[in-house]
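Work through the exercises below with the structure in view. Each task is followed by a solution in steps.

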Amino acid sequence: MSDIKRTYTKKELSGYLVGMFGQNLIYNIVATGLYFYFQNVICLPAMALGWIFALARVWDAVNDPMMGTIVDKTRTKWGKCRPYLIIFPAIIGIVTILCFINGNYATADSSTQKFFIVAWAAVSYVAWGMVFTVCDIPLWGVTSLMTEDQNDRSKILSLARIIAGVGGIGVLIVQVAQALVGVFTAKGYDNAKATQYAFILVAVIMTAVASLLFEIAGLSVRERVDTSNEKKYTFVENFKIMFGNKPFRQILISGILRSPIYLQMIIMMTLVTYYYTNNNLMNVIITNENGDFAGINFKMLLGVLAVAAGLFIGQFVTMGITPVLIKKIEKKTLYNFYSVVGAIPYILIFVFFKVAGDGLRTNIVWMLLTFVAFLGSGAAMGGISVLQSVMIADCVDYEEYHNGVRTDGVFFSGQSFIVKLSSGIATIISAFVYKIVGYSDVNIAKLNDALANGADFATYDGGTGVGKYAAAMFFLVSIPPAIGMILSAIPTAKYALSDDEHTRILDELVRRRASASAAQEPAQDTDSAAAALENNMDEIVDEINKLD
């Protein structure tokens with residue numbers, strides 16, 4: 001009996017990671033870029049935007065497990081995950097572009113036009129979420145089918161998380177679009193229309209490239225864990241399986257409680273763009289009266305980097321070291337450490353804003369402290385994201401060992417569900433806060449015009465009080481995420497699956513599969529021998545009959 005564990009090649013790993021980058025580029029174009037576009041370019045009402053995102057996530061509560069069930073029932077010569085990775089990248093690209101093709105709520109002439117603008121935003125975004133789920137669940141689920149080796153699985157999941165983080169450059173759609181606004185204003189368009197056209201152009205180009213990269217995953221991966229003999233389960237059965245798995249249930253509840261951390265990703269680009277550069281990153285470049293380049297506003301640039309670089313560097317560092325740490329530290333211990341200790345830098349972000357005042361943008365020391373705070377918050381987020389994927393994969397093995405059921409698609413649909421529901425909850429929180437301070441629809445259009453005419457966002461009075469918009473943004477990226485981080489450690493304080501137990505389970509599963517494979521061949525030989533003997537007996541009886 002052989003205990004050799006089948007696993008992926010370097011070529012397959014590379015192709016998978018390229019596809020992961022493309023998929024997450026699309027995700028960030030929508031998660032951050034589309035949110036900014038809806039809120040600050042076509043100026044949807046804050047509560048309308050909040051409910052669009054929240055209701056889409058409620059639908060995902062049903063849609064994600066349904067898609068997981070469909071994936072687990074899929075049986076093709078390519079496997080059960082790979083077909084979706086081949087077919088759907090082009091479809092998600094088309095739907096992503098359609099999300100940006102809309103009118104401007106703030107400049108709409110009638111209530112009917114405003115209704116259709118909101119309706120188009122809602123329908124296109126819900127459609128995007130459904131199609132993205134069809135891509136996302138197989139992309140993560142295939143990792144448990146590409147290898148039987150626990151270390152190789154941890155490696156691919158950790159690398160996938162890192163590459164997914166690199167896909168965060170999709171948020172740059174905001175800056176690239178702003179840089180192109182001048183191209184359209186030079187053609188005679190007003191600022192609002194020029195900004196919208198610039199966003200649409202950049203969205204089309206970036207999405208097309210991302211979709212092509214995503215396609216490489218489907219063309220590259222191979223499924224090495226045989227699932228052809230697995231029983232197929234109904235949607236209701238899969239739901240019971242998923243929520244009956246204690247360690248998975250703990251991770252799911254923990255992830256939902258941690259929902260507010262997604263406020264940082266949702267609002268970060270708006271915060272950087274408005275607070276540090278007054279709604280135009282090109283303000284970092286100093287020009288003379290003739291419009292020629294005259295230098296760089298280094299303090300403004302450092303302010304931007306304190307937030308953006310701190311957040312992304314923090315994520316990448318912990319995404320890189322977490323796979324090493326989990327070889328030496330219990331996953332549960334590390335997960336809870338990131339959650340509880342990670343709340344501290346979130347709190348400091350708001351403390352620094354309140355204490356430093358405008359020094360947060362002008363004083364080098366405060367900029368450095370801001371960088372450290374965002375670095376710490378990003379580090380906590382990055383480490384947890386890696387651990388969540390690895391621990392969910394462990395839950396799949398746990399289920400197969402105890403109940404003989406391996407529903408990879410359903411369990412990884414839970415990961416997709418956590419991300420989407422968390423994003424929806426975070427959006428609702430931001431919608432209520434923005435509604436309170438008046439950061440919504442026409443007020444944003446007025447703000448954009450004021451900033452274009454020289455106003456300062458940090459002290460802008462939009463009829464709601466001086467500086468309330470900035471204070472609201474710093475509050476949202478700090479206090480609710482800190483609370484969520486602390487709460488998320490409660491369900492996993494007594495996590496049900498230790499690392500030692502998982503190692504024992506995985507080794508036993510490999511032996512079971514090897515035994516089943518070895519037993520199958522003799523059984524086939526016995527069946528053949530029995531058939532041959534039966535044929536021989538029939539021939540003997542025929543000969544005896546002839547003699548008679």
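**Exercise 1. Find the loop that holds Asn279, and state the sign of phi at Asn279 and at Asn278.**

Step 1. In this predicted model, Asn279 is found in the loop between helix 12 and strand 1. Asn278 lies in the loop between helix 12 and strand 1 (285-287) as well.

Step 2. Phi of Asn279 is near 65 degrees, which is positive although the residue is not glycine. For Asn278, a residue other than glycine, phi is near 55 degrees and likewise positive.

Step 3. Decide whether each is buried or exposed. Asn279 has a relative accessible area of 18%, so it is buried, the cut-off being under 20%. Asn278, at 19% relative accessibility, also counts as buried.

**Exercise 2. Describe helix 12 by its span, its bend and its cover.**

Step 1. Helix 12 covers residues 262-276, which is 15 residues. From its first C-alpha to its last it reaches 21 Å, close to the 21 Å expected at 1.5 Å a residue.

Step 2. At Met268, helix 12 bends by about 40 degrees.

Step 3. Of the 15 residues in helix 12, 14 are buried, and the helix is mostly covered. Just after helix 12 comes the positive phi of Asn278.

**Exercise 3. Classify the ring pair of Tyr27 and Phe132, then the ring pair of Tyr35 and Phe53.**

Step 1. A pair of aromatic rings is described by the distance of the centres and the angle of the planes. The structure holds 31 aromatic pairs.

Step 2. The centres of the Tyr27 and Phe132 rings are 5.6 Å apart and the planes stand at 40 degrees, so this pair is tilted. The pair links distant parts of the chain, 105 residues apart: Tyr27 is in helix 1 (residues 10-41) and Phe132 in helix 5 (residues 111-141). Tyr27 counts as buried at 17% relative accessibility, and Phe132 is buried with a relative accessible area of 5%.

Step 3. For Tyr35 and Phe53, the ring centres are 5.7 Å apart and the planes are at 80 degrees, so the pair is edge-to-face. Tyr35 belongs to helix 1 and Phe53 to helix 2 (residues 46-73), 18 residues apart. Both Tyr35 and Phe53 are buried.

Step 4. One aromatic cluster includes Phe36, Tyr37, Phe38, Tyr274 and Tyr469.

**Exercise 4. Which residues does Gln250 touch, leaving aside those up to four places away in sequence?**

Step 1. Place the residue: Gln250 is in helix 11 (residues 246-257).

Step 2. List its contacts: Gln250 touches Pro491, Thr492, Lys494, Tyr495 and Ala496.

Step 3. Gln250 has a relative accessible area of 10%, so it is buried.

**Exercise 5. How many disulfides does the whole structure have, and are Cys81 and Cys135 buried or exposed?**

Step 1. A disulfide is a covalent bond between the sulfur atoms of two cysteines. A search of the whole structure finds zero.

Step 2. Cys81 has 0% relative accessibility and counts as buried. Cys135 is also buried, at 0% relative accessibility.

**Exercise 6. Summarise the protein chain as a whole.**

Step 1. The protein chain has 22 helices and two strands.

Step 2. Of its 548 residues, 55% are buried.

Step 3. Among contacts between residues at least 6 apart in sequence, 84% join residues at least 24 apart.

Step 4. The protein chain exposes about 22600 Å², with carbon and sulfur atoms supplying 65% of it.

Terms used. Residues numbered from 1 in each chain as written. Predicted model: local features only at pLDDT ≥ 70, side-chain atom pairs only at ≥ 80, totals over all residues. Heavy atoms only, no water. Helix = DSSP H or I, 4+ residues; strand = E, 2+ residues; numbered from the N terminus. Buried < 20%, exposed > 50% of the residue type's maximum accessible area, 1.4 Å probe, protein only. Contact = heavy atoms within 4.5 Å. Areas by Shrake-Rupley, 256 points an atom, 1.4 Å probe, with all protein chains shown as cover. Disulfide = S-S within 2.5 Å. Expected span 1.5 Å × (residues − 1). Bend = angle between axes of the 7 residues up to and from the residue. Phe/Tyr/Trp six-rings, centres within 6.5 Å; stacked < 30°, edge-to-face > 60°.
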